[in-house]
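These are my notebook entries on a structure that I am reading for the first time. Each entry records what I looked up and what I found.

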Amino acid sequence: MKNQSIILSLLLLLGLNLVAAQQVTPDTNALSDRIDTYLTNSAANGYAASVLVAKNDKIILSKGYGWANREYKIPNSPATVFNIGSVTKQFTAAAIMKLVEQGKLKVSDKLTQFFSNVPKDKKDITIHQLLTHTSGISPATGGFRYDEASKQEFLDLCFTADLLTKPGENHRYANANYILLAAIIEKVSNQVYGTFLEEQFFKPLNMNHTGYKSINFSTEQLAHGYYFNYTDGEWRDWGTTQQQLPDTNNHWFSIGKGDIHATTQDLFRWHQALKNNEVLTAESLKQIETAHVAEDQQAQSHYGYGWAIFTSSNNTKIVTHNGSNGIYFANILRFVEEDMVIIVLSNTRLNQDSENAAWYIAKMVSDKDYTPKPITKLTYQLVYDFINHNKPEDSQQLPAFLESNLGTAFSDKAVLNRIGYKRMDKETTAAWGLELLKLNTQLFPNDGNLWDSLGEAYLKYNQNQNAITAFTKALQLGQEDNCHWCNNAQAKLKALKND
């Protein structure tokens, strides 16, 4: 996962001035305390992560926040192991460049040099295009990351899928590119992907808590992932990625593109190894960190090999990548000219501000007067906090409650629609479900889908005239939108009028 539009917005919003960061605040203890206070206050709202900040190889802060395992009260720490999501991609890219150094392949090599029966439309795809997401492969290619699939099943699926564009024509971020790279690594090295990374990188660097599936440490060091179930209004334990991945080698919807595990300490060691050319040559590192292809039409961000490349407000290079499997979230920011790195690994995703923590910390380093607001509680949880302490007739007070806690106007129309619909399913008489759906149409009156949901609620509680009004409104709005709800509204309206 990588959302470059959000990153661009953050760069503009924060106005990161990294020239100031070239001289870190003389009192690094004060800086550490400021960052720690921000993260501690965020943890009070449910944030859980391990964070490392360093400059010129000096660690400013390295600490865990929140729980790695809530049931057994195991806190996150610098030694906690997290799923790092698509930050995995830069390890895959590094493995390819190691094979280039060994003279076993070139980035100009085509798929036909590694696989038989490559279809005509994909014969000219090169390793460079896979590395830069310019192969034309669709983001939809592949399956759910934790479903079983053999290498051959993935290759068959990938080779028969339609391309979005001709190879080399456009950048389009697609996980299948990096799964193909993992298959190439195994073909050329004659080793499984995880073993190659371990022998070439992790063992030599004593990165003893980094790897794909095989682990040689206590499972108590693995952070459990947590998600909020909005049907019941409670946090649930998703477990660990080790429990979700197939026990067999049929993991070819996951490998290469995500699901490597690491600690902040190991990733800091990796950062040092890259900049000091301990495992890759300077030429390989240059290739990896080159802005090969624009990620957007304005060319405000670029993609290298497994890294996204941005430019700070002072024209210095930021090499970064984030990643998530929907439960965990990882972000590593490397300000290469300032020799600063910020690593954030989380096992609990909250609102968008929880995914921006690394960027806020970067701003704190460069601006001693900047203090971000603590990461807020998850919006879904806040709605349940309100529901649990108020009556349905108090629903009009909910938007002000949310704005007070979020620090901004409530704007996510999906939240009340999802919770309202689930509550309606469970409530035999009109209560919170109906009230939330009514409130949502007041807040977002031009969304036909919300009116369709409200119509369903009215229909359940035999408020037929109100249901007719809601379904009619849904159809009126549907004329101006891509109306995926219109068939339902039309059918229900017809049935009501025929009664």
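**Entry 1. Phe144 and its surroundings**

I began with Phe144 and asked whether it is buried, exposed or partly exposed. The model is a predicted one, and in it Phe144 has a relative accessibility of 48%, so I entered it as partly exposed. The limit for calling a residue exposed is over 50%.

I then looked for aromatic pairs in the whole structure, and the search returned 16. Phe144 and Tyr146 make up one such pair, with ring centres 5.8 Å apart and planes at 90 degrees, which is an edge-to-face arrangement. I noted that a pair of aromatic rings is described by the distance of the centres and the angle of the planes. Tyr146 has a relative accessible area of 9% and is therefore buried.

The ring of Tyr146 also has a charge over it: the charged end of Arg145 sits there, 6.0 Å from the ring centre. Elsewhere I found one aromatic cluster formed by Phe91, Phe201, Phe202 and Trp270.

**Entry 2. Asp36**

I looked up the distance from Arg145 to Asp36. The two residues are 109 places apart in sequence, and their C-alpha atoms are 34 Å apart in space. Asp36 belongs to helix α2, residues 28–43. I recorded Asp36 as buried because its relative accessible area is 19%, and the cut-off for buried is under 20%. Setting aside residues up to four places away in sequence, I found that Asp36 touches Leu61, Lys63 and Tyr65.

**Entry 3. Lys122 and Cys158**

I next placed Lys122, which lies in the loop between α3 (88–101) and α4 (127–131). Is Lys122 buried or exposed? Its relative accessible area is 2%, so Lys122 is buried. With neighbours within four places in sequence left out, Lys122 is in contact with Leu111, Cys158, Phe159, Thr160, Ala161 and Leu163. I checked Cys158 from this list, and at a relative accessible area of 1% Cys158 is buried too.

**Entry 4. The disulfide**

I asked how many disulfides the structure holds. The search of the whole structure gave one. Cys483 and Cys486 form this link, and their sulfur atoms are 1.5 Å apart. The angle about the S-S bond is 100 degrees, and the link is right-handed. I looked up the accessibility of both partners. Cys483 counts as partly exposed because its relative accessibility is 21%, while Cys486, with a relative accessible area of 14%, is buried.

**Entry 5. Helix α6**

I tested the length of helix α6, which covers residues 175–189. At 1.5 Å a residue its 15 residues should span 21 Å, and the end C-alpha atoms are 21 Å apart, so the expected and modelled spans agree. Of the 15 residues in α6, 13 are buried, and I described the helix as mostly covered. Asn190 follows α6 and has a positive phi near 60 degrees.

**Entry 6. Strands β10 to β14**

I followed the strands in order. β10 (residues 302–303) and β11 (residues 308–311) pair antiparallel over two bridges, and Tyr303 has Ala308 in β11 as its bridge partner. The hairpin of β10 and β11 has four residues between the strands, and Gly306 there takes a positive phi near 80 degrees.

β11 and β12 run antiparallel and are joined by four bridges. Phe310 is bridged to Ile318 in β12. Five residues lie between the strands of this hairpin, in which Asn315 has a positive phi near 65 degrees.

β12 (residues 317–324) pairs antiparallel with β13 over seven bridges, and Ser324 has Phe329 as its partner in β13. Four residues separate β12 and β13 in their hairpin, and Gly326 in the turn has a positive phi of about 95 degrees.

β13 also pairs antiparallel with β14 (residues 340–348) over seven bridges. Ile332 stands opposite Ile343 in β14. In this hairpin, with four residues between the strands, Asp339 takes a positive phi near 55 degrees.

**Entry 7. The enclosure of β13**

Why did I record β13 as largely enclosed by the rest of the structure? Seven of the seven residues of this strand, residues 329–335, are buried, so that description follows. In a regular strand the side chains alternate between the two faces of the sheet. In β13, Phe329, Asn331, Leu333 and Phe335 point one way, Ala330, Ile332 and Arg334 point the other way, and all are buried. I closed with Arg334, whose charged end sits over the ring of Trp307 at 5.1 Å from the ring centre.

Terms used
Residues are numbered from 1 along each chain as its sequence is written. This is a predicted model: local features need pLDDT of at least 70, side-chain atom pairs count only at pLDDT 80 or more; totals for chains, interfaces and linings use all residues. Side-chain values use heavy atoms; hydrogens and water are left out. The expected span of a helix is 1.5 Å times one less than its number of residues. Buried means under 20% relative accessible area, exposed over 50%, partly exposed in between (1.4 Å probe, protein chains only). A disulfide is a pair of cysteine sulfur atoms within 2.5 Å. Two strands pair if DSSP finds at least two bridges between them. Contact means heavy atoms within 4.5 Å. Rings of Phe, Tyr and Trp (its six-membered ring) pair if their centres lie within 6.5 Å; planes under 30 degrees apart count as stacked, over 60 as edge-to-face and the rest as tilted. A charge sits over a ring if NZ of Lys or CZ of Arg is within 6 Å of the ring centre and within 35 degrees of the ring normal.
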